[in-house]
Amino acid sequence: MKRIINIISSLAITVLVSAQTEFDALKYLQSDITGTARYSAMAGAFGALGADPSAIKDNPAGLGIYRSSELSTTFNVLSQSTQSEWMRNKASDGLFKGGFNQLSLVLSNTPNSSFSRSIGLNRSNWAFSYNRLKDFNRQLKINGGKGVSGSALEYISYFTGDISGNDLYRSGNYDPYNNVSVPWISVATANAGLINEFVYDDNGETAYWAPILESNETVSPSYYQRESGHLSEYALSWSGNIHNRLFLGASMNIYDMEYTVNSEYKEEFSVVGSMNLDNYLNSKATAIGFRFGAIYIPFDFLRFGASLQAPMLYSVGDFSNLYLDYDNGGDDYGTEKTPDAYNNFKLQTPMILNLSAALIQGKQGVIGIEYINTQNNTTRFMDESNNTYSYRYENDTIQATFNSQHTFKIGGEFKVNPKVALRAGYAYSTPATLSRLSKEMNPNTNRTDIHYLVPGVTSYLTGGLGYRSEAWAFDLAVVHKSQNDEFYAFNPSKVSTNLQFPAATINTSNLSVLATLSVRF
């Protein structure tokens with residue numbers, strides 16, 4: 001009877017099963033320090049300096065500093081390595097790739113209208129620009145060693161709860177993946193024979209599920225992940241120079257995001273058999289945003305800057321599936337594949353406040369400092385009708401576990417002679433979330449990736465040099481980014497404390513070399 005009710009419910013319910021978790025929001029929240037070579041070499045501390053195409057994405061008022069038009073483009077080469085340690089077992093991986101970071105056209109002109117003269121508008125500048133804000137490319141490997149007490153099947157069994165086997169097992173014309181009341185990870189592992197149903201003797205109803213592992217059986221876990229994709233910005237910006245003291249700017253930005261991750265979590269069972277959870281996820285998103293900024297120069301040697309990025313509303317489409325390879329011993333082996341899952345939703349990002357200052361040492365050099373505040377706990381999931389009700393649990397978790405994130409930048413430039421400059425910088429970002437963040441799967445989710453990474457601190461060490469003539473410039477930069485994360489194969493708070501499944505530590509080290517060519521006219 002319960003199965004019949006669920007079949008009827010699956011036909012009657014038109015709302016898609018819930019599929020998002022708090023971790024899906026993280027990739028939208030923090031940009032890398034990337035852009036032109038000059039901007040990158042000074043750790044992006046350009047909020048009050050301006051006159052750089054990439055500075056416009058932080059503070060559009062910096063566009064007003066330009067006194068001539070400019071065309072520029074930037075290319076980069078990335079060398080990445082990841083180091084992991086899980087239960088005293090170390091592993092490493094990495095990748096090497098080239099990329100295209102930035103393209104911009106700045107048009108600077110002197111307004112001649114009577115209104116412009118009346119308000120002291122010395123310059124009215126426009127810019128059309130493309131900036132790669134974030135590069136998701138990463139490859140990592142984690143090895144848990146042998147003889148580990150416990151299994152991810154313990155978590156899946158807990159998560160499956162008291163769902164009836166009649167609702168999970170495939171039979172006849174009944175496909176449990178069409179039942180919107182049950183989670184797909186439970187369907188997959190039950191049909192693969194990796195978890196068993198235990199029922200109450202008196203009424204035959206499901207009491208609980210348990211792994212097929214024997215008592216005291218151990219596992220050898222490992223994990224592999226490859227990420228790719230980007231977050232890019234296309235911007236139309238304007239800024240005005242008023243009396244060479246006050247610069248006001250605004251920009252309208254179109255954001256394009258694509259993210260793909262292939263992950264494999266594998267367990268070799270000590271008695272017999274194994275399982276491999278091969279998850280795939282592709283996300284695509286777009287948004288329109290607005291940024292406003294100002295720079296004030298009280299003295300020729302001192303500048304102050306401020307900008308505000310309004311919250312954005314991303315329209316997101318996700319595609320995911322799972323291949324579960326299983327071996328239960330003997331002839332009991334095979335692959336359980338879920339259907340392809342499609343989920344559409346919206347994500348509202350937080351407002352971003354940027355405060356900056358700069359010291360100008362004549363024609364000898366500059367020092368810039370910058371502070372960015374992002375209220376990550378104001379991030380919100382919505383359905384396609386902009387309603388948050390369907391995501392109230394995820395949004396409550398975001399509010400409780402996401403941090404107010406702080407980013408600090410400092411960078412400097414010293415001119416060896418009028419044409420050659422040396423640059424260096426440092427930046428540091430606090431974690432986007434609290435360390436106690438954990439993944440909570442919805443009871444009817446079609447997502448099957450039970451693992452997750454909790455982000456830690458991110459730091460940048462930068463340097464570079466540049467050559468500038470009257471008509472053109474060439475700049476080089478080296479950026480070293482270090483990012484710390486913790487990996488969890490599943491949520492450990494939901495299973496027995498006797499399981500020896502601590503977090504794995506991951507350090508991702510990116511070394512980027514950037515080259516920018518710009519022409520002024």
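This passage looks at charged side chains and the places where they pair or gather. The model is predicted, and a search through the whole of it turns up 22 salt bridges.

A good starting point is the pair Asp24 and Arg447, whose closest N and O atoms lie 3.2 Å apart in a salt bridge. The two partners come from distant parts of the chain, 423 residues apart: Asp24 sits in the loop between helix H1 (2-12) and helix H2 (37-41), and Arg447 in the loop between strand E19 (420-429) and strand E20 (452-468). Both Asp24 and Arg447 are buried. They also belong to a network of salt bridges that links Asp24, Lys27, Asp318, Lys439, Arg447 and Asp449.

A second pair joins two strands. Lys409 and Glu370 form a salt bridge at 3.6 Å, N to O. Because Lys409 lies in strand E18 (residues 404-415) and Glu370 in strand E16 (residues 365-375), this contact ties together parts 39 residues apart in sequence. Lys409 has a relative accessibility of 7%, so it counts as buried, and Glu370 is buried as well, at 4%.

The salt bridge between Asp300 and Arg245 (3.3 Å, N to O) connects two loops: Asp300 is found between strand E10 (274-299) and strand E11 (302-309), and Arg245 between strand E8 (218-242) and strand E9 (246-269). Here Asp300 is exposed, with 61% relative accessibility, whereas Arg245 is partly exposed, with 32%.

Finally, there is a patch of negative charge on the surface, where Asp162, Asp201, Asp202 and Glu205 gather. Glu205 belongs to the loop between strand E6 (195-199) and strand E7 (206-211); its relative accessible area is 53%, so Glu205 counts as exposed.

Conventions: Residues numbered from 1 in each chain as written. Predicted model: local features only at pLDDT ≥ 70, side-chain atom pairs only at ≥ 80, totals over all residues. Heavy atoms only, no water. Patch = residues over 30% accessible without salt bridge, like charges linked within 9 Å, V, L, I, M, F, W, Y side chains within 5 Å. Areas by Shrake-Rupley, 256 points an atom, 1.4 Å probe, with all protein chains shown as cover. Salt bridge = Lys/Arg side-chain N within 4 Å of Asp/Glu carboxyl O. Lys, Arg positive; Asp, Glu negative; His and termini not counted. Charge placed at Lys NZ, Arg CZ, Asp CG, Glu CD. Helix = DSSP H or I, 4+ residues; strand = E, 2+ residues; numbered from the N terminus. Buried < 20%, exposed > 50% of the residue type's maximum accessible area, 1.4 Å probe, protein only.
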